[in-house]
Amino acid sequence: MEEDQPKQDNPRVLKVLEALKQASQELQTPDSAESNSSAINALLELETESDSLLSRDPHLSTLSHHLATLKTLVASLRKSTHHHSLRSFLTRRASTQSLSRLAGSIESEIQAWIDRESLDTLTKALKQQDNEEELIKLLSQFEVRVLRGFDRELQDLVLKTRVFNLIESCLSDSNSSNRVREHCAFVIVALIKFNKDVFVGQVLMGATIKALLTMASPNSIRVLCSLVRIIKSPLVDEIEFNRQIPKIISLLNWDDSEMRVMGFVCVLEIGYFGRKEAIDAMLEEGLVEKLVELQRSELGGDMMELEMCDEEGENKKGEKEKRLLERRPFSSCVARFAVQLEVGEGLRQRERRAFKQQILVRVREASISDAEAATIIAECKEIDESFGSFDEEMHILLLVSQRCEMAGLVGFAGF
């Protein structure tokens, strides 16, 4: 029973630690390390209140030591304020600087304890999965924590607890709800951003990509697009090697317009970062023919009409492009794909020329008239000068896909 007592006290400890953390943050700001500042007084009051609670948890022994040191420093600082000698002045300056550094150490110790307890709770929830709402809440909190930026101690905890493996396992579990699986996917993106060098390998060797495509929800494809943009060609290589390209191309056939838009976003990402083998695989799956069909649909059309507009400056023209893509996301989609091959990172120059010729041949074969073929071919030659940057197009397309979504999750913190 005595061993269980620290765990039972955790809610009370957390409340005290959050207050201590806030006070220590205030103490690190200029002029707050004065002997009678509100931050110091708050810390001293909390030190007295928390003494019995902190002593029960061995992980908080260092924090208890820091708080005891704080008390000694404040006493020294207050004593020196009664004297006006040079020595007293220097003592006050040294004590003030020491207080600020000590406040930083206190904050770090508190955050380390919170991280340790949060990860322990999350790993248990991932293993049990008996409360969906609580699990989603814990995943969201962990995502927000990770997106705050790199932290060596947090990374060590993540690796020690093997939480990445648990999250990926939950993502791959078809018995879990889509909401839980999507939040697992959001956390994986956050971890890649947290430290690409450490976690990219786990994505490339694991089941993340297959799970995202098997789930096939708008948010799962958003995550896949985000991963391609972060990891680039190595991830596209893995997608092609595992023969996942057909699944991505098949998204363009869905009845759900949002899924078709997300499929097109994914195609553009792969076109930009993919090597020859990936582009070959997409063309063999009839990508150009599908894009011609989408451009012919009510959500398609061409962007040549923008060239007919009165000259109103670049800003006005950019606004018209955005409005057009929001209404008709597949406008000039063949040419936009061709442009990504041309400006992307994955192909050699001779490969770009060869693919351009292949695309033109396939356009002629897929078009229902010479006029349609001529329009698309003309766009392929002109749109790269008139359309705008790749990043801007991705932003617009993602905005369109989010507006299509009528229910469920709105997006994720990583975007």
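How much space lies in the largest pocket?

## Largest pocket

In this predicted model, the largest pocket holds about 610 Å³ of space. Its lining consists of 24 residues. Those nearest the centre of the pocket are Leu14, Ile114, Glu117, Ser118 and Thr121.

Three helices each give two or more residues to this lining: H1 (5-27), H4 (86-128) and H5 (132-146). Helix H4 supplies the largest share, with 11 residues. Sorted by class, the lining of the largest pocket comprises 10 nonpolar, five polar and nine charged residues.

## Packing of helices H7 and H8

Helix H7 spans residues 163-172 and helix H8 spans residues 178-194. The axes of the two helices come within 8 Å and cross at roughly 140 degrees. The crossing of H7 and H8 is left-handed.

On the H7 side, the contact is made by Phe164, Ile167, Glu168, Cys170, Leu171 and Ser172. On the H8 side, the participating residues are Val180, Arg181, Cys184, Ala185, Val187, Ile188 and Leu191. By class, the residues of this contact divide into 10 nonpolar, one polar and two charged.

## Confidence of the model

The average pLDDT of the protein is 82, and 77% of the residues score at least 70. Confidence is highest in helix H15 (residues 276-284), at a mean of 98, and lowest in helix H21 (residues 390-404), at a mean of 51.

Two stretches have a pLDDT below 50: residues 386-391 and residues 406-415. Beyond near neighbours in sequence, the stretch 386-391 has 14 contacts in the model, while the stretch 406-415 has 23 contacts counted on that basis.

Methods: Residues numbered from 1 in each chain as written. Predicted model: local features only at pLDDT ≥ 70, side-chain atom pairs only at ≥ 80, totals over all residues. Heavy atoms only, no water. Axes fitted to C-alpha atoms, helices over the stretch in contact; angles between N-to-C directions. Helix = DSSP H or I, 4+ residues; strand = E, 2+ residues; numbered from the N terminus. Left-handed = near helix turned anticlockwise from the far one by under 90°. Contact = heavy atoms within 4.5 Å. Nonpolar A, V, L, I, M, F, W, Y, C, P; charged D, E, K, R; others polar. pLDDT = per-residue confidence, 0-100. 1 Å grid on protein atoms, 1.4 Å probe; cavity = no way out; pocket = protein on both sides within 12 Å on 5 of 7 lines; lining within 4 Å. Points joined across faces, edges and corners; volume = space filled by probe spheres on them.
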